[in-house]
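Hello,

Here is the structure I promised to pass on to you. Please have it open while you read, as my notes follow just below it.

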Amino acid sequence: MKPKQVLIISNPEDEHTVCVTSHLLKRGVEPILYYPENFGQELFLTLGQVPGQRENIVISSSQGDVINLLNIDSVWYRRPRLIRMDEALEPEALEFARDEWKCALEGVYAILDKPLWVSHPDKLRDAARKPLQLRIAQSLGLIIPRTLITNSPEQARRFYEQCNGRVIIKATGNGWVYSRDGDDVYFVMTNRVDISDVQADDEIAIAPVTFQEEIPKEYEIRVNIVGQQVLAIRIDSQRSEVSKLDWRRYDVQNTPYTPYTLPPELSTKCLKLTQYFGLEFGAIDLIRQPDGKYVFLEINGNGQFLWAEELSGVKVSETLADLLAGVMPPLKSAQL
């Protein structure tokens, strides 16, 4: 029987890639790593289409390595970076070249319909739309926070009053801010809003801002959906003043991470949400309120999990390797 061919589309600094690769090797699968940022330097893309024949899709390297993408069984699309371009190019030429690479790669990914994608970039893009996440979550019976996205100072103040001043502000997108040279990345955290913030008309008007009613927390839960598996981790963020508002302000020494079992009905809703977006992996953030109710915050189709796995012992990376290797069934085949 032909061994599985798993393609990992990533970047060379991603520790998650290293971990999952090691688990794939233990399963007799030798993953094929490729980093799109090296196109135009070490890597070359060839897509040939001839009437009446199967496409020819090949990635080759300056060292003579060749990847036939039509032989791939599964793909893990794991946070690849932008292609490194020659900055000496004229701005117009640079913009044109970047767009050509974007369209060529999107075209290749669009016709690769045989492999199992974890997850396809088109699906990841759709799933990243937070207003849609909230709508679908609510339609599945999940509780969501009262939310307002606006650049209207008047609407922001009205929302603040409606929530009795218990409001947080968060990024509408992924929250990543890159430095001009691209070497540094900053992350916009969740912050509490006070009256002076909603009175800053000029700042609010610059761009849409996401306001949410602040939800009281007993603890938080990171739900990792991997194929048909639900791997939940309890995060006791309220035990630390540092992580109370946003657990991404890590204080791991004072914030226990432990395995968690969701109520069956809630597990099914998380699976249905992930399946709706066509994802095979989803990192879902929930709040458990002091009254015992669970509140949905968001789903990240390419979320981080390694730090929580190491702290809790929940084997997300091994389960992901099983999914890519074909050991366990994908979520798309589940009858929910």
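**What I found**

In this predicted model, the side chains of Asp236 and Arg234 are joined by a polar contact of 3.0 Å. Asp236 sits in the loop that runs between strand 15 (229-235) and strand 16 (257-260). Is Asp236 buried or exposed? With a relative accessible area of 6%, Asp236 is buried, because the cut-off for that class is under 20%. Once its neighbours within four places in sequence are set aside, Asp236 is in contact with Tyr219, Thr255 and Pro256.

Tyr294 is another residue to look at, and its place is in strand 18. Tyr294 is buried too, at a relative accessible area of 15%. Two polar contacts are worth displaying here. The side chain of Tyr294 meets that of Tyr260 at 2.7 Å, and it meets the side chain of Arg288 at 3.0 Å. Which residues does Tyr294 touch, not counting those up to four places away in sequence? They are Ile143, Ile221, Tyr260, Pro263, Leu266, Ile287 and Arg288, so both of its polar partners turn up in that list as well. For a sense of distance, Leu262 is 32 residues from Tyr294 along the chain, and their C-alpha atoms are separated by 9.9 Å.

You can set that pair beside Ala205 and Ile235. These two are 30 residues apart in sequence, and from C-alpha to C-alpha they are 35 Å apart in space. Ala205 belongs to helix 7 (residues 201-206), where it is partly exposed, with a relative accessible area of 36%.

Now to the empty spaces. How many cavities of 30 Å³ or more does the structure hold? There is one. The largest cavity has a volume of about 70 Å³, and its lining is made up of Lys130, Gln133, Leu134, Thr147, Ile149, Lys170, Thr210, Gln212, Leu297 and Glu298. Two or more of these residues come from each of helix 4 (130-139), strand 8 (147-150), strand 13 (209-213) and strand 18 (294-300). Helix 4 is the element that gives the most, with three residues. By type, the lining of the largest cavity has three nonpolar, four polar and three charged residues. Strand 18 is also the strand that holds Tyr294, so you may like to view the two sites together.

The second largest pocket is a separate item, with about 250 Å³ of space in it. Its lining has 15 residues, and the ones nearest its centre are Trp117, His120, Lys123, Gly278 and Lys332. Strand 7 (116-118) and helix 3 (121-127) each supply at least two residues of that lining. What is the make-up of the lining of this second largest pocket? Seven of its residues are nonpolar, three are polar and five are charged.

Helix 10 (residues 316-324) deserves a look of its own. Eight of its nine residues are buried, so helix 10 is largely enclosed by the rest of the structure. The buried ones are Val316, Ser317, Thr319, Leu320, Ala321, Asp322, Leu323 and Leu324. Just after helix 10 comes Gly326, which takes a positive phi of about 80°.

On to the loop between strand 2 (32-34) and strand 3 (43-48), which is where you will find Asn38. At 10% relative accessibility, Asn38 counts as buried. Leaving out its neighbours within four places in sequence, Asn38 is in contact with Leu43 and Arg84.

Last, the cysteines. How many disulfides does a search of the whole structure find? The count is zero. Two cysteines can still be compared by their surroundings: Cys103 is partly exposed at 41% relative accessibility, whereas Cys163 is buried, with a relative accessible area of 3%.

That is my set of notes, and I would be glad to hear what you make of the model.

Warm regards

Technical notes:
Residues numbered from 1 in each chain as written. Heavy atoms only, no water. Disulfide = S-S within 2.5 Å. Buried < 20%, exposed > 50% of the residue type's maximum accessible area, 1.4 Å probe, protein only. Helix = DSSP H or I, 4+ residues; strand = E, 2+ residues; numbered from the N terminus. Polar contact = N/O pair within 3.5 Å; in protein donor to acceptor, adjacent residues only side chain to side chain. Contact = heavy atoms within 4.5 Å. 1 Å grid on protein atoms, 1.4 Å probe; cavity = no way out; pocket = protein on both sides within 12 Å on 5 of 7 lines; lining within 4 Å. Points joined across faces, edges and corners; volume = space filled by probe spheres on them. Nonpolar A, V, L, I, M, F, W, Y, C, P; charged D, E, K, R; others polar.
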